[in-house]
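Let's take a walk through this structure together. We'll start with one residue and then move on to a sheet.

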Amino acid sequence: MEILQNGFTKFASTITKPSEVPLSNGTTHLNLLFSEPETLTEDLGNMDPSRVFVNKVKRLIVKVGTAVVTRSDGRLALGRLGALCEQLKELNTQGYEVILVTSGAVGLGKQRLRYRRLANSSFADLQKPQGDLDGKASAAVGQSSLMALYDTMFSQLDVTSSQLLVNDGFFKDAGFRKQLSDTVNALLDLRVIPIFNENDAVSTRKAPYEDSSGIFWDNDSLAGLLALELKADLLVLLSDVEGLYSGPPSDPNSKLIHTYIKEKHQQEITFGDKSRLGRGGMTAKVNAAVCAAYAGIPVIITSGYATDNIIRVLQGEKIGTVFHKDSHLWKNIKELSAREMAVAARDCSRRLQALKSEERRKILLAVADALEKNISMIRQENEADVADAEVAGYEKSLISRLTLKPEKISSLAKSVRMLADMEEPIGQILKRTELADKLILEKISCPLGVLLVIFESRPDALVQIAALAIRSGNGLLLKGGKEARRSNAVLHKVITSVMPDTVGDKLIGLVTSRDEIPDLLKLDDVIDLVVPRGSNKLVSQIKDSTKIPVLGHSDGICHVYVDKSANIDMAKQIVRDAKTDYPAACNAMETLLIHKDLSSNGGLNELILELQREGVQIYGGPRASAMLNIAETGSFHHEYSSLACTVEIVEDVFAAIDHINKHGSAHTECIVTEDSEVAETFLRQVDSAAVFHNASTRFCDGARFGLGAEVGISTSRIHARGPVGVEGLLANKWILRGNGQVVDGDRVNYTHKELPLKA
């Protein structure tokens with residue numbers, strides 16, 4: 001890649017020596033008039049590079065290009081513009097100072113002028129060759145239309161915007177620069193969003209790049225220039241691709257570069273075509289980004305097609321490409337590819353398996369100790385995640401799952417110690433058979449290899465899964481929910497910090513970007529099992545995207561059926577616990593099925609009152625809603641994850657079984673009855689991973705089952721079903737010990753005699 005050595009970019013490398021770089025007219029280039037911002041001095045440790053500066057952002061400039069503003073046919077992309085305005089409104093409300101640099105006026109003007117020319121043309125005129133429309137006239141027509149659209153959209157969002165048209169020649173005037181800064185500061189103080197565009201209608205530049213004497217030559221370089229002039233904390237350049245790639249984005253071998261290092265990437269990158277409609281393209285964006293970044297303004301190039309990328313950038317997510325003057329100093333700058341992460345985890349897992357049982361046990365004990373020693377740090381990061389989730393308006397059930405209280409962390413440490421004290425799972429002899437004289441076959445337990453676990457906003461799941469991987473000798477790649485980004489990062493750091501050098505800290509990898517998931521799902525030669533913990537939709541998407549075996553953990557539509565012979569006091573106790581002990585848990589009751597006879601003997605009313613006393617919102621099926629005069633549920637297959645549930649009346653145990661098998665998620669079901677024959681019918685015929693008699697559904701948990709922890713609750717019909725502990729993460733292999741035997745056409749005297757497991 002060749003960074004253009006002219007105009008705005010030309011002076012980036014010499015920004016600290018303004019006296020040495022005069023313009024041709026004797027004035028000093030604008031870039032050189034700024035003092036360099038202070039260098040970040042934080043120790044980055046293992047943190048994501050973007051984390052360092054996004055938390056300090058107050059003023060940001062967002063540049064949106066023509067390819068984002070318009071569709072492929074030249075018309076405005078109203079959906080993308082609406083999403084952009086909504087994001088800027090949200091940031092404005094949160095107190096950010098937002099400045100927008102927009103392209104699109106020329107493209108919009110051409111589209112309108114084509115229509116006008118068509119409307120004013122005779123049939124004979126249309127038979128003649130149509131020349132290209134004048135760019136200056138197009139800019140003049142399009143600019144008013146573009147600003148009118150922004151004004152309308154922002155007005156609908158109760159935000160005021162303003163227009164500022166500039167030309168590069170203006171910036172040579174010190175008085176103009178000061179007035180520009182004063183005006184923008186006044187607008188931002190009033191919470192007005194300034195919208196900049198180059199005044200192409202009166203620009204004297206002939207063509208991009210041909211006339212290199214200007215201070216900027218397109219809106220990308222204008223955005224970079226404004227970032228310096230207006231002392232922005234961050235510049236976001238929105239493109240029609242996810243960021244800067246190692247080659248053309250259309251090339252399947254191209255990889256997204258998360259962090260740009262000039263010394264590394266300048267000669268390695270091959271650019272594709274320029275912008276479809278505008279003057280810039282990725283070359284122009286990189287030129288502007290390099291110049292601004294090396295002058296002290298962090299820059300991120302990311303997609304403007306996504307509806308929330310600006311918000312995600314400011315939440316510290318690893319999206320797009322980061323440009324930063326100190327990127328070459330960052331400790332974690334080497335970005336492992338998906339394959340490298342998986343291969344590293346496999347290599348470490350083999351070293352882990354080679355350790356003695358007591359050595360693996362000590363690693364788990366060290367993890368438990370580290371969790372307790374770092375409670376304060378873990379809580380600090382978790383509280384930041386919770387605060388962000390509350391500001392973002394997430395549901396209480398999600399925030400409940402997200403929260404790590406001190407007692408929860410202590411409980412996690414206790415479960416890790418329980419795993420450490422379990423019987424050694426690796427190398428256990430499961431079966432011994434004498435095939436022939438002095439030819440002994442053994443079936444022994446062994447790790448699966450490398451696991452990929454994609455889980456929701458429960459940081460405690462990270463600890464449980466990591467501990468299970470260590471105990472079972474597996475390598476592990478983890479992808480948690482973005483809501484728990486800080487919590488997951490600190491827990492991962494705490495756990496990997498105690499890994500001995502004989503194993504390596506790459507045993508457990510933390511995947512920080514959604515972009516890496518598709519690449520990981522292709523690695524069926526390296527990753528041995530995928531465990532998606534989330535909705536049915538997520539599990540289905542994963543299954544459709546990979547050849548790797550998938551252990552599904554989907555919705556928790558758990559039922560309690562109260563039979564006519566139930567002890568009502570016991571039933572009330574079980575129903576109350578199943579719904580209210582932890583409503584956000586996947587094993588909480590979501591549907592209560594009640595035998596029809598209980599509606600006539602008072603049992604139904606007692607159960608409903610018990611739930612209502614606990615503040616549970618009750619919805620009814622068709623029969624229950626009519627009988628109880630309550631709102632009818634929209635679907636029986638609904639996971640409330642809160643203090644709400646569905647109630648329905650059924651004819652008998654067989655109707656209850658049919659209902660569960662039809663509407664449930666094959667998770668956990670319970671029958672409350674004193675009739676043992678009815679109970680056995682229910683236990684045998686309900687097709688779920690866990691089925692209970694006279695016990696709360698909340699018992700369906702790896703720790704409560706004595707498994708120490710769980711990687712999830714499998715609702716798949718494979719080798720592991722229900723709470724998946726260490727056993728579910730093991731495979732087996734066959735060991736044959738002989739004394740020179742050969743098959744020789746099967747002239748072998750087979751005995752096939754079962755032997756004791758211990759010789």
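Which helix does S145 lie in? Keep in mind as you look that this is a predicted model. S145 belongs to helix α7, which covers residues 135–156. So is S145 buried or exposed? Its relative accessible area is 13%, and buried means under 20%, so S145 counts as buried.

Now look at what surrounds that residue. Leaving aside residues up to four places away in sequence, S145 touches L108 and R112. A105 sits 40 residues away from S145 along the chain, yet their C-alpha atoms are separated by 7.7 Å. Within α7's own stretch of chain, the side chain of S145 has a polar atom 3.4 Å from the backbone oxygen of V141.

Next, jump to the sheet. It's an open one with six strands, and you can trace them in the order β17-β18-β16-β15-β19-β20, with parallel pairing. Why do β17 (617–620) and β20 (690–693) each have a side without a neighbour in the sheet? They stand at the edges, so each has just a single partner strand. On average, neighbouring strands here are turned by 20° against each other, ignoring direction.

Zoom in on β15 (residues 558–562) and β19 (residues 668–672): they run parallel and are joined by four bridges. Here Y561 stands opposite I671 in β19.

Helices pack on this sheet too. One of them is α22 (residues 568–580), which touches β15, β16, β18 and β19, and its direction makes about 160° with that of β16. Another is α26 (residues 676–685), touching β15, β19 and β20, with its direction at about 170° to that of β20.

Technical notes: Residues numbered from 1 in each chain as written. Predicted model: local features only at pLDDT ≥ 70, side-chain atom pairs only at ≥ 80, totals over all residues. Heavy atoms only, no water. Helix = DSSP H or I, 4+ residues; strand = E, 2+ residues; numbered from the N terminus. Buried < 20%, exposed > 50% of the residue type's maximum accessible area, 1.4 Å probe, protein only. Contact = heavy atoms within 4.5 Å. Polar contact = N/O pair within 3.5 Å; in protein donor to acceptor, adjacent residues only side chain to side chain. Pairing = 2+ DSSP bridges. Axes fitted to C-alpha atoms, helices over the stretch in contact; angles between N-to-C directions.
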